[in-house]
Amino acid sequence: MNDSPLNPQQKKLRIAIIGGGVCGLVCAVTLMKVGVDVQLYEASAKFGEVGAGVGLGPNAIRVLEQLGLLDEVVAKSDQAKPETRPFHIASGYGDNELIYDYPVKPEDVGLGIHRVAFLDAISQFVDLSKTHFNKRCVSLNHSKNKSEIMIQFSDGTSATADVVLGADGVRSVVRTYVTEGAEGYTTPGRFVRTSYTNTLAYRGLVPDSKVVELGMKTVMNKTPICWVGLDKHIITFPIKGATLINVVAFVTDRSKPPSLDPLPQPWVTQHSTETLLTTFSDFGADPLTLLGCIESPSAWAIHSTHPLLDSYASGRVALMGDAAHAMLPHLGAGAGQGLEDAFVLVKLLSHSETTSANVESVLQAYSMVRRPRGNFVLEASARNGDIYEMRGQSGGTMEGMRKDLPGIWDFWYHDLEEDYNKAIQWLQEKQVFA
Ligand SMILES: Cc1cc2nc3c(=O)[nH]c(=O)nc-3n(C[C@H](O)[C@H](O)[C@H](O)COP(=O)(O)OP(=O)(O)OC[C@H]3O[C@@H](n4cnc5c(N)ncnc54)[C@H](O)[C@@H]3O)c2cc1C
């Protein structure tokens with residue numbers, strides 16, 4: 001982080017963060033740590049009311065380490081430390097022939113953690129006097145001279161800030177301001193640039209002991225596995241000291257293009273085991289045995305940011321995490337991208353030359369370096385889903401998939417310091433910074 005003390009102008013910079021999820025909470029805590037005036041507004045009554053398992057890749061681990069938060073996150077996970085996790089990609093059909101064993105380097109360490117545990121780890125550092133629960137933002141507006149942003153909440157209250165960071169997830173309300181301005185808030189409850197991907201993700205947990213008892217041939221408790229199929233695939237990975245197998249079964253309807261509108265809520269619905277077994281009935285014995293153990297699968301209608309955003313910032317408002325780039329989860333990359341956003345934003349906002357007078361340019365610099373990266377990973381995630389569902393560029397044969405799978409996680413090797421330096425250089429060229 002920036003080592004120089006905050007200047008008096010910075011101390012006056014009032015930042016409001018909307019959304020205390022993975023990205024908003026990390027951003028808030030890190031800004032609070034360096035003394036920036038941050039108020040955090042969260043719609044729920046507490047952090048982490050909902051969620052499931054999240055895999056954090058090497059890029060996310062590096063961010064947490066640099067922000068000084070990794071030890072706490074590891075302590076709340078089921079792992080003693082971040083570890084390499086080989087990944088087996090096998091056919092979902094017949095005897096589940098191995099297609100590709102993803103090679104991992106020793107430095108490619110990751111961590112699996114439940115979202116609630118992650119938030120628990122980070123929230124111990126939050127200043128509760130600056131945290132406001134049950135505050136659902138419904139709209140933003142700016143003052144006449146655009147020097148302040150007014151935030152309206154669903155309970156009729158409001159707040160003002162010099163800068164607003166939207167970390168309010170896939171159903172972002174702040175996104176409307178960035179894409180359409182204050183005039184966009186005409187219809188309450190409308191989410192812009194959020195579309196249904198036509199992908200349903202059925203989720204469930206299965207005890208590993210049950211898998212063994214039922215005589216499954218595949219060893220489930222060692223590594224993550226992907227069973228591929230036509231327009232569907234299953235991802236499994238061991239959690240809770242490998243006593244439980246986390247199962248996510250994806251089904252994509254490719255008969256129609258993604259709609260430009262979100263589905264009516266709820267986006268998470270309960271289903272029967274039979275639905276799951278019927279959907280995957282042409283898969284081999286092991287996948288079916290596993291799916292048969294999920295008693296009450298929940299199905300998540302996966303939404304993503306579509307069309308992609310032209311900018312992650314407008315005026316004094318910027319977006320981060322899923323608010324900026326909600327993506328299909330086929331690279332396990334969404335949270336990691338949000339953490340990268342937080343890293344760059346925190347460094348720029350706590351820079352000794354950032355003030356209320358130049359913060360619009362600072363947010364433009366943030367968008368300039370983060371938008372290509374976030375949008376690239378979003379598109380790569382969708383392409384990876386195509387490969388897993390036998391629709392990749394080189395076709396759905398084993399040979400085709402073996403051509404397309406190498407390097408799918410190359411996005412882990414990204415230099416965030418370079419992004420930050422590029423942003424600073426741009427600010428210097430524009431004579432915003434000396
Ligand atoms: C099936 C599935 C599997 C996934 N697996 C992975 C994985 O393995 N690895 C990975 O990195 N990512 C994964 N993801 C994606 C990951 O969960 C998200 O990218 C990540 O949670 C985004 O964090 P966020 O902070 O932007 O949003 P969220 O975590 O969604 O947090 C948003 C917060 O904002 C609050 N909020 C919402 N609206 C308002 C409002 N109007 N006012 C105030 N507060 C508001 C919410 O209550 C919430 O606390 C997966 C996603 C899905 C659906």
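Visitor: What makes the pair formed by an oxygen atom of the ligand and an N or O atom in the side chain of Arg115 a polar contact?
Guide: In this predicted model, local features need pLDDT of at least 70 and side-chain atom pairs count only at pLDDT 80 or more, while totals for chains, interfaces and linings use all residues. Residues are numbered from 1 along each chain as its sequence is written, and side-chain values use heavy atoms, with hydrogens and water left out. The two atoms at Arg115 are 2.9 Å apart. A polar contact is a pair of N or O atoms within 3.5 Å (within protein, one must be able to donate a hydrogen and the other to accept it, and residues adjacent in sequence count only if both atoms are side-chain atoms). The Arg115 pair therefore qualifies.

Visitor: Which backbone atoms of the protein lie at such distances from the ligand?
Guide: A polar backbone atom of Gly332 is 3.2 Å from a ligand nitrogen, and one of Ala335 is 2.8 Å from a ligand oxygen. The protein buries 85% of the 1,000 Å² that the ligand exposes when taken alone, by the Shrake-Rupley method with a 1.4 Å probe (for residues, only the protein chains shown count as cover).

Visitor: Which elements give two or more residues to the shell around the ligand?
Guide: They are α2 (22-33), β3 and α11 (334-349). The largest contribution, three residues, comes from α11. Helices (H or I, at least four residues) and strands (E, at least two) are DSSP runs, numbered from the N terminus.

Visitor: Why are β3 and β4 said to stand at the edges?
Guide: The open sheet has the order β3-β7-β4, with antiparallel pairing. β3 (53-56) and β4 (83-84) each have a single partner strand, so one side of each is left without a neighbour in the sheet.

Visitor: What makes β4 and β7 a pair?
Guide: Strands pair if DSSP finds at least two bridges between them. Two bridges join β4 to β7 (residues 109-114), so the criterion is met. Within this pairing, Glu83 has Gly110 of β7 as its bridge partner.

Visitor: Why are β8 and β19 at the edges?
Guide: Six strands in the order β8-β2-β1-β12-β20-β19 form an open sheet of mixed pairing. One side of β8 (131-132) and one side of β19 (313-314) are left without a neighbour because each strand has a single partner. Elsewhere in this sheet, β1 (residues 14-18) and β2 (residues 37-41) run parallel and are joined by five bridges, with Ile15 bridged to Val38.

Visitor: What lies between β9 and β10 in their hairpin?
Guide: Six residues separate the two strands, and Lys146 in the turn has a positive phi of about 60°. β9 (residues 137-142) and β10 (residues 149-153) pair in the antiparallel sense over five bridges, and Ser139 has Gln152 as its bridge partner in β10.

Visitor: Which peptide bond is cis, with omega near 10°?
Guide: That bond runs from Gln265 to Pro266, and Pro266 sits in the loop between β16 (244-252) and β17 (268-270). The bond from His306 to Pro307 is also cis, with omega near -10°; Pro307 belongs to the loop between β18 (298-305) and β19.

Visitor: Where is Met390 found?
Guide: Met390 is in the loop between α12 (359-388) and α13 (398-404). Its phi is near 60°, a positive value in a residue other than glycine.
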